[in-house]
Amino acid sequence: MDVSEIIIPGDTPGVEWRLPVFRFKGDDSAAPKVYIQAALHADELPGTALLHFLCEKLRDAESAGNIVGDITIAPQANPIGAAQSHFGELQGRFDLGSRTNFNRDFPLISLRDRNSLIEDLDRYSATDQLKRQLMHVALGADLVLDLHCDDESLQYAYIDEAFWPEASDLAAALAMDAVLLSDGESSAFEEAIGFAWKYEVPGEKHARLPGKLSVTVELRGKRDVYPHMAKGDAEGLWRFLAVRGIIRDESISPSTFAGPAVPLDNIEMIRSPESGTVLFHCNIGEEVTEGDLLATIITRPGMAHGSIEIRAPQAGLIVTRTSDRLVRRRADLMKIACSQPSGMVRKAGTLED
């Protein structure tokens, strides 16, 4: 295993960020190349734990001569966010300096302009340098996996329709409960990678990208960081790498994804109409029908008629739920994957900021 570092100078004197990158060299230059990163949102750590155990398996495979395709891994992809502690709480989702999401505002470029990402880096802030460096590394691969997690959540993924159903092998290997088929229209990391491939020739869009994959994997919830989960998920990624011919393991055979795969237009984003205390009546993983009571919001404690009921707009699977119990108006409470489109208008791109 080769270990190198991406070094990012800070925006103030005396500060420097160092990001370790691990590389396993394959013995077949024609095999797919894979890049995997975790903790781009620095407070989302299930992926970091997964990659710790996956690297153990890959070191053994390397010793046995069983690495076929190049594998590049960044287990903690955001040292800037990891250092942001505010009143004792890690603030890893948004850059406190620019107030932007660490997983937004990636450059939308053509693949042929890849090297422009790391030209004149001194012109950019530390956060933008981080984004450009990560994207440059990722665009050297064929398969790109960005490991995240949700709040309280099932195991699911955002997969651009350009990669589906070929990517069902990843969903099967990781035993995902659901797949959300995205439109590839945001500036999130995995969609910026897909954009570069789709527009390899500027102005000419490829609707399908066989042999490529750029995906956000949501590894359950933030608190789901346990040895058995991380090891199980590492086994899942190992199965995927074997099925794709990136490692040699004759004991692995492809499996079938059995969960729902629904477009983002079919996701009911359940939001709180008022601020208040949340009483949930349903949990993640439950199937609900239209009209089922999902939550009660206590808006005026102690008052007659001081609460609001929130009911399911249609039948579906509860994929995520907030861990907050005091919410603001329009706060996200749940995502429900449904068989029919939502009645709410959705802007292109991701479901959340």
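Q: In which strand is the place of Ser153?
A: The model considered here is predicted. Within it, Ser153 has its place in a strand that spans residues 152-153. That element is strand 8.

Q: Does Ser153 count as buried or exposed, and at what relative accessibility?
A: A residue is buried under 20% relative accessible area and exposed over 50%. Ser153 therefore counts as buried, its relative accessibility being 5%.

Q: Which residues are in contact with Ser153, leaving aside its neighbours within four places in sequence?
A: Contact requires heavy atoms within 4.5 Å. With the neighbours within four places in sequence left aside, the partners of Ser153 are Arg220, Gly221, Asp224, Ile284, Val319 and Thr320.

Q: Where is Arg220 found, and what is its phi?
A: Arg220, one of the contacts of Ser153, is found in strand 11, which covers residues 213-221. Its phi is positive although the residue is other than glycine. The value for Arg220 is near 60°.

Q: Which phi value does Arg99 have, and does this residue count as buried or exposed?
A: Arg99 has its place in the loop between strand 6 (89-90) and helix 3. Phi of Arg99 is positive, near 65°, in a residue other than glycine. Because its relative accessibility is 73%, Arg99 counts as exposed.

Q: Is the peptide bond from Trp164 to Pro165 cis or trans?
A: Pro165 is found in the loop between strand 9 (155-160) and helix 4 (168-173). Omega for the bond from Trp164 to Pro165 is near 10°. The peptide bond is cis.

Q: Why are helix 1 and helix 6 oblique to each other?
A: Helix 1 (residues 46-63) packs with helix 6 (residues 227-243), their axes lying 8 Å apart. Oblique angles are those outside the ranges under 35 degrees, over 145 and 65 to 115. Helix 1 and helix 6 are therefore oblique to each other, as the angle between them is about 50°.

Q: How do the residues of the contact of helix 1 with helix 6 divide into nonpolar, polar and charged?
A: On the helix 1 side the contact includes Leu50, Phe53, Lys57 and Leu58. On the helix 6 side it includes Lys231, Asp233, Glu235 and Trp238. The contact of helix 1 with helix 6 has twelve nonpolar, no polar and four charged residues.

Q: What handedness does the crossing of helix 3 and helix 5 have?
A: The axes of helix 3 (residues 126-138) and helix 5 (residues 189-198) come within 11 Å and cross at roughly 50°. That angle makes helix 3 oblique to helix 5. The crossing is right-handed.

Q: How do the residues of the contact of helix 3 with helix 5 divide?
A: Leu134, Met135 and Ala138 in helix 3 meet Phe189, Ala192 and Ile193 in helix 5. The division is six nonpolar, no polar and no charged.

Q: Which helix gives the most to the largest nonpolar core?
A: In soluble globular proteins, nonpolar side chains tend to be buried together. The largest nonpolar core here has 77 residues, and Leu54, Leu58, Ile71, Ile73, Leu147 and Leu170 have the most contacts inside it. With eight residues, the element that gives the most to this core is helix 1.

Q: Which residues does Leu54 touch, not counting residues up to four places away in sequence?
A: Leu54 is one of the residues with the most contacts inside the largest nonpolar core. Not counting residues up to four places away in sequence, Leu54 touches Ile36, Ile73, Ala234, Leu237 and Trp238.

Key: Residues numbered from 1 in each chain as written. Predicted model: local features only at pLDDT ≥ 70, side-chain atom pairs only at ≥ 80, totals over all residues. Heavy atoms only, no water. Axes fitted to C-alpha atoms, helices over the stretch in contact; angles between N-to-C directions. Helix = DSSP H or I, 4+ residues; strand = E, 2+ residues; numbered from the N terminus. Nonpolar A, V, L, I, M, F, W, Y, C, P; charged D, E, K, R; others polar. Core = buried A, V, L, I, M, F, W, Y, C linked by side-chain atoms within 4.5 Å. Buried < 20%, exposed > 50% of the residue type's maximum accessible area, 1.4 Å probe, protein only. Left-handed = near helix turned anticlockwise from the far one by under 90°.
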